[in-house]
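Trainee: Before we discuss this chain, please put it up for both of us. I would like to work through its packing by questions.

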Amino acid sequence: MKRQFAALSIVAALLAWAPAQAQEFKFATQNPKGHPLVIGMEKFAELVASKSGGKMKVSLFPGGVLGGDQANVSALQGGTLEIVSLNSGILASQAKEFGIYDFPFMFASSKEADTVVDGPFGKMMHAKLEGKGIVGLAYWELGFREITNSRRPIHKVDDIAGLKLRVIPNAINVDWVKALGANPTPLAFPEVYAALDQKAIDGQENPLTVINANKFYEVQKHVALTNHQYNPQSVIFSKKVWDALAEGNRKILADAALEAARFQRQASRDAAGAALDNLKKNGMQVTELSGAELAKFRDKMKPVVAKHSEVVGADTVKALEAELAKLRK
């Protein structure tokens, strides 16, 4: 009996010394490995492991392997998926105010975008998600969107008229393309390359990193640097899981998301320059609109913004306008 007790004591001692298994958090995105958003995810995972002394581990699921954005949000709300990175505008399905992040010409520069989303406005927006079972940790970025097509160079706003352009399947994107006299064609992203190749559509619009990563230069001749929309990306966490975490672990995750945001945005901006160089090397003709033409573009967007401001709500629009007015003094 004594020997049995001694053996049990040794086992208990060994178990006490054995390293505890790291708590795992799954992090999903639609973007492929190598994309600046996934580079940000890798940095976040590294920071969480370091700050927690290996007690927390972030496992990455890029390329939509855990389903589309809406499926990921549902899983996150249910607590079966812990972290998701997605276009902030997609969260309008949870809180209508997030539609403001799809407004054309919302931000004039990356610096302006950083200041607004990192400040009181961005925090206020993420706070609207808590009642939906979502905790907003930080904003990363996809970047400014540009227009490509296979028919003609775009030097003037009128050159966009008549083009059949793929858009993200939501109302505001359909409306702004219509406002330019072009023909919006909502398509899921995986269908875009084939539609361009078969000339079912003339063009599409996306950040330079997306255009380059998906080799649209093989099926598109022209790219116009319009910067007509800026896409913040929300890094969101399951409130169901968050509420069960110790305060110290929450702080580690929140701090890591903000630190990774700075790293990710710089990676995104560096990648945009490299992507543009590669598009040129692969034969794409690059054009830019003059100041007068950009002013004309913005004017055509005013009725679209007015229409969707009613959906988003006057308080949210005024809050954003106030933040921007302070920056533009």
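Mentor: First a definition: axes are lines fitted to C-alpha atoms, for helices over the stretch in contact, and angles run from 0 to 180 degrees between N-to-C directions. Helices (H or I, at least four residues) and strands (E, at least two) are DSSP runs, numbered from the N terminus. This is a predicted model, in which local features need pLDDT of at least 70 and side-chain atom pairs count only at pLDDT 80 or more, while totals for chains, interfaces and linings use all residues. Residues are numbered from 1 along each chain as its sequence is written, and side-chain values use heavy atoms, with hydrogens and water left out.

Trainee: At what angle do helix α4 and helix α12 pack?

Mentor: Helix α4 covers residues 110-118 and helix α12 covers residues 314-327. Their axes are 11 Å apart, and the packing angle is about 130°.

Trainee: What does that make α4 relative to α12?

Mentor: Angles under 35 degrees count as roughly parallel, over 145 as roughly antiparallel, 65 to 115 as roughly perpendicular and the rest as oblique. The angle here is about 130°. That makes α4, relative to α12, oblique.

Trainee: Which residues of α12 make the contact with α4?

Mentor: Contact means heavy atoms within 4.5 Å. From α4 come Glu-112, Thr-115 and Val-116. The α12 side consists of Leu-320, Glu-323, Leu-324 and Leu-327.

Trainee: Which helix gives the largest share of the largest nonpolar core?

Mentor: A nonpolar core is a set of buried (under 20% relative accessible area; exposed is over 50%, partly exposed in between, with a 1.4 Å probe and protein chains only) Ala, Val, Leu, Ile, Met, Phe, Trp, Tyr and Cys residues joined through side-chain atoms within 4.5 Å. The largest one has 49 residues, and Phe-297 is among those with the most contacts inside it. The largest share, five residues, comes from helix α11 (residues 291-312).

Trainee: How many residues has the other core?

Mentor: That core lies apart from the largest one. Met-41, Ala-256, Ala-260 and Ala-261 are among its residues, and its size is 29 residues.

Trainee: Is Gly-68 buried, partly exposed or exposed?

Mentor: Gly-68 is found in the loop between β2 (56-61) and α3 (69-78). Its relative accessible area is 33%, so Gly-68 is partly exposed.

Trainee: What percentage of the residues of the chain count as buried?

Mentor: The chain has 12 helices and 10 strands. Of its 329 residues, the buried part is 49%.
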